Amino acid sequence: MANQTSSSTTKQSIIDYYDQTQFDYSVAWTGKVDKAVHFGFYDATARTHREALLNTNRVLAKWAALEGGQRVLDAGCGQGGSCFWMHQQLDVETVGIAPVASQIAVCRANAAELGLASKATFEVADFCQMPFADASFDVVWACESVCHAQKKRAFYQEAYRVLKPGGRLVLAEYLRSARPLAAKEE
């Protein structure tokens with residue numbers, strides 16, 4: 001029971017964080033095009049924050065071997081930026097999930113504004129207990145989100161379950177250098 005309480009406390013703290021920082025991300029972090037809530041991937045072609053955010057999508061799409069017509073689950077979709085990019089650039093169907101209801105509301109509003117509501121859908125869901133049938137997706141895309149899963153194994157088991165045979169998991173993540181960190185660093 002204590003483990004379940006710890007898990008729900010952690011989940012609520014993640015929801016609270018994103019609820020409290022939504023304005024900050026929308027003003028200081030994202031733009032009209034990128035709508036990303038991740039750090040971005042800098043390389044020789046991406047020198048600015050905006051370029052790095054969009055570059056992350058290009059790099060992950062290449063690694064996932066995305067092709068038009070495929071169905072992609074964005075596990076931890078933030079404000080929906082990767083889903084919109086994938087549909088616009090590659091003509092894939094995307095489903096974004098996150099446990100943060102305010103983020104999903106933003107995703108749905110963005111999808112409607114972009115005219116993508118039928119191709120980019122969003123649900124409040126836990127990617128460690130997904131509400132999808134087995135073998136539902138060609139690709140599971142997780143960009144800087146699995147760090148929030150208290151039990152990483154549950155995410156990987158669920159990703160495997162919802163992937164079609166031959167499906168791919170593409171993941172970008174940052175890692176902690178130590179646990180626990182000093183209070184100030186935490």
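How many of the six residues of strand 2 are buried? In this predicted model, strand 2, which spans residues 93-98, is mostly covered, with five of its six residues classed as buried.

Strand 2 pairs with strand 1 and with strand 3. Strand 1 comprises residues 71-75 and runs parallel to strand 2, the two being joined by five bridges. Within this pairing, Asp74 lies opposite Gly96 of strand 2. The connection between the two strands involves helix 3 (residues 81-90), and strand 1, helix 3 and strand 2 together constitute a right-handed β-α-β unit.

Strand 3, formed by residues 120-124, is likewise linked to strand 2 by five bridges, and these strands run parallel. Here Val95 has Thr121 of strand 3 as its bridge partner. From strand 2 the chain passes through helix 4 (residues 101-114) before reaching strand 3, and this β-α-β crossover is right-handed.

A further feature concerns the surface of the model. Tyr156, Leu169 and Leu171 make up a nonpolar surface patch, and their combined accessible area is about 230 Å². Of these residues, Tyr156 belongs to helix 5, which extends over residues 152-162. Tyr156 is classed as partly exposed because its relative accessibility is 37%, a value that falls between the 20% limit for buried residues and the 50% limit for exposed ones.

Technical notes: Residues numbered from 1 in each chain as written. Predicted model: local features only at pLDDT ≥ 70, side-chain atom pairs only at ≥ 80, totals over all residues. Heavy atoms only, no water. Patch = residues over 30% accessible without salt bridge, like charges linked within 9 Å, V, L, I, M, F, W, Y side chains within 5 Å. Areas by Shrake-Rupley, 256 points an atom, 1.4 Å probe, with all protein chains shown as cover. Salt bridge = Lys/Arg side-chain N within 4 Å of Asp/Glu carboxyl O. Helix = DSSP H or I, 4+ residues; strand = E, 2+ residues; numbered from the N terminus. Buried < 20%, exposed > 50% of the residue type's maximum accessible area, 1.4 Å probe, protein only. Pairing = 2+ DSSP bridges. Right-handed = clockwise from strand over helix to strand, strands pointing away.
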